[in-house]
Amino acid sequence: MKNLIILGAGTSGTMMANHLVSKLPKKEWQISIVDQYKTHYYQPGFLFLPFDIYTEEQVKKVGKKFIPKGVNYIQKKIEKILPEKNKVELEDETLDYDILIVATGSKIAPGETDGLLGPLWKKDIFDFYTYEGALALRNKLRDWEGGKLVVHITEMPIKCPVAPLEFAFLADSYFKKKGMRDKVDITYVTPLDGAFTKPTCTKALNYLLQEKQIKIETDFAIMEVDNDKKAIVDYVDKEIPFDLLVTIPTNMGDEVIERSGLGDDLNFIPTHKHTLQSREHENIFVIGDATNVPASKAGSVAHFQAETLTDNIILYTKGYSLKEEFDGHANCFIETGENKALLIDFNYDQEPVHGTFPFAKIGPLKLLKESVFNHWGKLAFRWIYWNMLLKGIPIPFVGRNMSFKGKIFDIKANK
Ligand SMILES: Cc1cc2nc3c(=O)[nH]c(=O)nc-3n(C[C@H](O)[C@H](O)[C@H](O)COP(=O)(O)OP(=O)(O)OC[C@H]3O[C@@H](n4cnc5c(N)ncnc54)[C@H](O)[C@@H]3O)c2cc1C
């Protein structure tokens, strides 16, 4: 019997277990999946928790429920990968593998920024990229009386690069609804030279920031958080004061990647961007946020990657060459507040464009334009996530590679 081991039972690992269980011959392959936690979180829901739009129950479920029969589920911490020996050390046992899929994701590393974990952490400084952070921020916002709200990104890449902007837009609607928008001054601070990583999209988003009176500070490379002055300070001594700081700390791959000597300086694993095979070890494949591929770190991207990777695992087991197929396809809703959202669709080479999705002319979703339909699409994604995406059920009309049908290539990338 040969062993295929999946490390991490988050979005990507769970999808891979579901895809592969029906495709690998059961008499030849034993599939195992390892994760340290019992709970599977719907991370896109962390955006809505602080604003009391989602409840705790809507964003978490028992992870094992999504692991198919026939896959060996191991709830343990992964200590080290030994690629030269084809072994994985867990807290109290060692597993052998013939094929390894690394799906250990990325997480926030607030300790990377001086002063971030100082006396104001979880008092006036919060993250919403963790379940605990999003809940603590929700409790803070419920009684906050207003002041300077700074929404800040430390450095790229981060998972779901649109989430901080969505946070700023939702904050605008939240305070309007509470009748206290005039008491809140919102500033969006980014290390990028514009609102988003994709210049064509930045144009649409800048307009929305202006409309909602959200100030933007670009090219801000944070050096430290000054807890006494309540300010973030950059390398040219520029200071931005805050009463409430909502920050996206540095995102990094898990420490197990560093301990195993498999990652770059942010613990992301060098991965072939079209096949998803590790650059260094031919029987190791990488998916989702754990890779260093230049695609967005998003569940939708992991979903498209999972389809290509499943085919490639099967090809690899049969000794055929891999498909160089994954094109960096990302399909993301950007919540813009007041029950509207934008939709963007892009890949490694193609910037987001106008048009309709998934059908040419019919839509019903509009690309790069705010609409109520898109907002419903964003909310529907939670149901799709729990009921289709994790289970590896194809989402009708949404292909793994970017389709050019219905797209209008009319915008140039200027800010
Ligand atoms: C606030 C927020 C909003 C988002 N919004 C969207 C959105 O709107 N649309 C979208 O597509 N995506 C969104 N995302 C991104 C999406 O959630 C991630 O890209 C996706 O979950 C990545 O899946 P993954 O399997 O690679 O990693 P994860 O789902 O994070 O899974 C990694 C798993 O590995 C396990 N693991 C790691 N190290 C170890 C270890 N040493 N031992 C044992 N287990 C280990 C972890 O416990 C975890 O379960 C959002 C994310 C956040 C934080």
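The questions and answers below concern a predicted model of one protein chain.

Reader: What radius of gyration does the protein chain have, and why can it be called as compact as a globular protein of that length?
Author: The chain holds seven helices and 25 strands, and its C-alpha trace spans about 65 × 55 × 40 Å along the principal axes. For 415 residues the globule rule gives 22 Å, and the chain comes close to that value, so it is as compact as a globular protein of that length, with a radius of gyration of 21 Å.

Reader: Among contacts between residues at least 6 apart in sequence, what share joins residues at least 24 apart?
Author: Burial gives some background here, since buried residues account for 56% of the 415 residues. For the contacts themselves, counted between residues at least 6 apart in sequence, the share that joins residues at least 24 apart is 68%.

Reader: Which residues form the covered face of strand E7?
Author: Strand E7 runs over residues 87-90, and its uncovered face carries Lys87 and Glu89. On the side of its partners, Ile78 stands opposite Leu90, while Leu95 in E8 stands opposite Val88. The covered face of E7 is therefore made of Val88 and Leu90.

Reader: Which residue in the hairpin of E6 and E7 takes a positive phi?
Author: Strand E6, residues 78-82, is joined to E7 by four bridges in an antiparallel arrangement, whereas E7 pairs with E8, residues 94-96, over three antiparallel bridges and is linked to E8 by a hairpin of three residues. The hairpin of E6 and E7 has four residues between the strands, and the one with a positive phi, near 55 degrees, is Asn86.

How values were computed: Residues are numbered from 1 along each chain as its sequence is written. This is a predicted model: local features need pLDDT of at least 70, side-chain atom pairs count only at pLDDT 80 or more; totals for chains, interfaces and linings use all residues. Side-chain values use heavy atoms; hydrogens and water are left out. Helices (H or I, at least four residues) and strands (E, at least two) are DSSP runs, numbered from the N terminus. The radius of gyration is taken over C-alpha atoms; the globule rule is 2.2 Å times the number of residues to the power 0.38. Buried means under 20% relative accessible area, exposed over 50%, partly exposed in between (1.4 Å probe, protein chains only). Contact means heavy atoms within 4.5 Å. Two strands pair if DSSP finds at least two bridges between them.
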